[in-house]
Structure formats: structure tokens, C-alpha cells
Amino acid sequence: MEKEKSEIILKIDRIEAGVYQLVKPCGFRRYGRTLHRFVSGDISQVISFQCGQAYLNMTHMMTVNLGIRVPECFEKSFTPTEKPKKYYHEYECNIRSRLGEIDGEEAADFDLRGDIDRIEAEIMRDIETKVLPVFDALDSREAILLHRRDYPRFDTIYRHLIPLEEAMIYGRRGQTREAKVLFEQYYQGVLDEYRKGGKEHLKGHLASLDSLALRLGLR
């Protein structure tokens with residue numbers, strides 16, 4: 001088992017190193033299993049490599065996670081107060097997906113016991129032809145406002161929050177009127193779902209939105 005684990009780690013190292021050489025000229029830096037770059041000053045773009053859970057005996061499986069982090073969207077604040085980090089993890093992003101999902105399929109779980117040359121070539125090809133072009137297209141707040149909805153497969157976890165997150169971006173830019181309109185659009189959608197019944201968990205979400213509106217001066 002330890003020998004197999006060491007071989008798997010070496011294979012992940014090889015794939016990660018290959019991808020890093022591909023994206024390094026684009027401004028990415030490596031931090032452990034995370035490749036990260038800042039665009040427009042403080043927007044993060046992330047590629048990370050994650051192996052399966054040891055307790056499930058799945059450490060031979062690997063996924064490639066993708067993320068974009070806009071600080072005000074993650075923190076739900078017009079003026080984020082967290083001290084900026086050197087880099088951010090994929091789970092700290094508000095636009096998230098994985099290889100596989102970006103093709104409209106389930107997340108790709110790469111079995112590293114298989115043909116490593118084929119796996120590496122597939123990942124490199126997808127990063128170069130499918131991931132980097134979208135990262136480049138969403139490299140600023142303006143671009144995210146204009147084009148985020150064009151890439152639903154890159155936005156598989158928090159896509160339902162788009163109006164709320166767009167409100168955060170407008171608020172960060174000082175465009176309070178636009179922020180209020182989008183916030184109320186999102187709030188009304190949640191309220192409508194709650195009124196249909198059977199979704200009691202939305203009651204707490206509505207309460208948190210009421211508090212957020214007061215904190216941000218949206219009402």
C-alpha cells in the first residue's frame with residue numbers, strides 16, 4: 001500500500017509539474033497542490049489537484065478543481081476586510097467547477113493506476129483549450145458581470161447566487177442602485193420559493209439576507 005501511495009504521489013507530482021509549466025507563463029504560481037494567479041489585482045483564478053479520500057481507499061483517484069474568487073462575492077461585503085492572502089484555495093472561490101463538469105458531464109475522476117501519459121495529455125489539453133480561455137474571458141469584474149452567465153459549466157456550485165454576487169460587485173464599485181435592484185431580484189426569488197412550501201431551510205436564508213441588506217445599506 002505504501003509503495004502504491006508513493007507511486008501515486010509521484011504521478012500527481014508529474015501531472016502538476018506539467019500543468020504548472022503550461023500555465024506559469026500566464027502568471028500562475030504554485031503553492032502545494034494549488035496553482036494560483038491574481039488578475040485585476042485581487043481576483044483569484046485557481047487550478048488545484050485533489051486525490052480521493054484515504055478512508056474510502058480512493059487515494060489513487062484524482063480530480064482537477066477550478067475556481068475564480070471575487071473577494072466581495074465570497075465575503076458578502078462591499079469592502080472586504082480580510083487581509084489578502086498570498087493565494088487562495090479552490091474552496092474559497094465563488095465560481096467553481098471541475099474538469100469533466102466543464103464538458104457537461106460528471107466531475108472527471110482520473111484513475112492514476114491507468115495510462116499516466118494519456119491522463120496527463122488529456123488534462124493538459126483541457127487546461128490549455130478549455131480552462132485558460134475562460135479564465136482569460138473572466139479576468140475582471142466587468143468581464144464577470146458581462147460574461148459569467150455564458151459559462152454555466154464553470155459555475156456548477158453557486159450559480160443560483162449570481163444576482164446576489166453581482167449585487168456585491170456593483171456595491172463594491174459604488175453603484176448602489178444597481179446593487180439594490182439585483183439584491184431584491186435575488187431576495188424575491190428566494191421568498192417565492194419559500195412561499196411554495198416544503199423548503200423551511202429557506203426561512204433562515206431569508207433572515208440572513210435581511211441582516212445582510214441592513215448591514216450593506218441595501219434597504
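User: Where is the kink in α3 centred, and how large is its angle?

Analyst: In this predicted model, α3 has a kink of about 35°, and I127 is at its centre. The length of the helix can be read beside this bend. At 1.5 Å a residue, the 22 residues of α3 should span 32 Å, and the C-alpha atoms at its ends are 30 Å apart, which agrees.

User: Which residue caps the N-terminal end of α3?

Analyst: The cap is D115, which has a side-chain oxygen 3.1 Å from the backbone nitrogen of D117.

User: Which residues of α3 are buried?

Analyst: The buried set consists of I116, I119, E120, I123, D126, I127, V131, L132, V134 and F135. Both E120 and D126 thus appear in it beside residues such as I123 and V131.

User: How should a nonpolar core be read, and which residues have the most contacts inside the largest one?

Analyst: The general idea is that in soluble globular proteins, nonpolar side chains tend to be buried together. Here the largest nonpolar core has 56 residues, and I47, V64, I123 and I127 have the most contacts inside it. Helix α3 (residues 116–137) gives the most to this core, with eight residues.

User: What is I47 in contact with, once its neighbours within four places in sequence are left aside?

Analyst: The contacts of I47 include V23, F28, V64, L66, I127 and F135. R33, T34, L35 and N65 are also in contact with I47.

User: In which helix does E16 lie, and is E16 buried or exposed?

Analyst: E16 belongs to helix α1 (residues 2–23). Its relative accessible area is 4%, so E16 is buried. The side chain of E16 makes a polar contact of 2.7 Å with the side chain of R33. Not counting residues up to four places away in sequence, E16 touches R30, G32, R33, L35 and F49.

User: How does one read the two sides of a helix, and which residues of α7 are buried?

Analyst: The general idea comes from helix geometry. An α-helix has 3.6 residues a turn, so residues three or four places apart point the same way. In α7, the buried residues are L202, L206, L209, L212, A213 and L216. They cover an arc of only 120° around the axis, which puts them on the same side of α7. K203, L214 and R215 are exposed on the face turned away from that buried side.

User: What do the buried residues of α7 pack against?

Analyst: They pack against α5 (162–172) and α6 (176–195). Y187 lies in α6 and touches L206, L209, D210 and R219, not counting residues up to four places away in sequence. At 12% relative accessibility, Y187 counts as buried.

User: What is the expected span of α7 at 1.5 Å a residue, and which residue follows the helix?

Analyst: The 16 residues of α7 (residues 201–216) should span 22 Å, and the end C-alpha atoms are 23 Å apart, which agrees. G217 follows α7 and has a positive phi, near 70°.

User: Which residues other than glycine have a positive phi, and where do they lie?

Analyst: S40 is one of them, with phi near 50°. S40 lies in the loop between β2 (34–39) and β3 (43–51), and its relative accessible area of 43% makes it partly exposed. K76 is another example, with a positive phi of about 55°. K76 is found in the loop between α2 (71–75) and β5 (95–98).

Notes:
Residues numbered from 1 in each chain as written. Predicted model: local features only at pLDDT ≥ 70, side-chain atom pairs only at ≥ 80, totals over all residues. Heavy atoms only, no water. Helix = DSSP H or I, 4+ residues; strand = E, 2+ residues; numbered from the N terminus. Expected span 1.5 Å × (residues − 1). Buried < 20%, exposed > 50% of the residue type's maximum accessible area, 1.4 Å probe, protein only. Arc of directions from axis to C-beta. Contact = heavy atoms within 4.5 Å. Core = buried A, V, L, I, M, F, W, Y, C linked by side-chain atoms within 4.5 Å. Bend = angle between axes of the 7 residues up to and from the residue. Polar contact = N/O pair within 3.5 Å; in protein donor to acceptor, adjacent residues only side chain to side chain.
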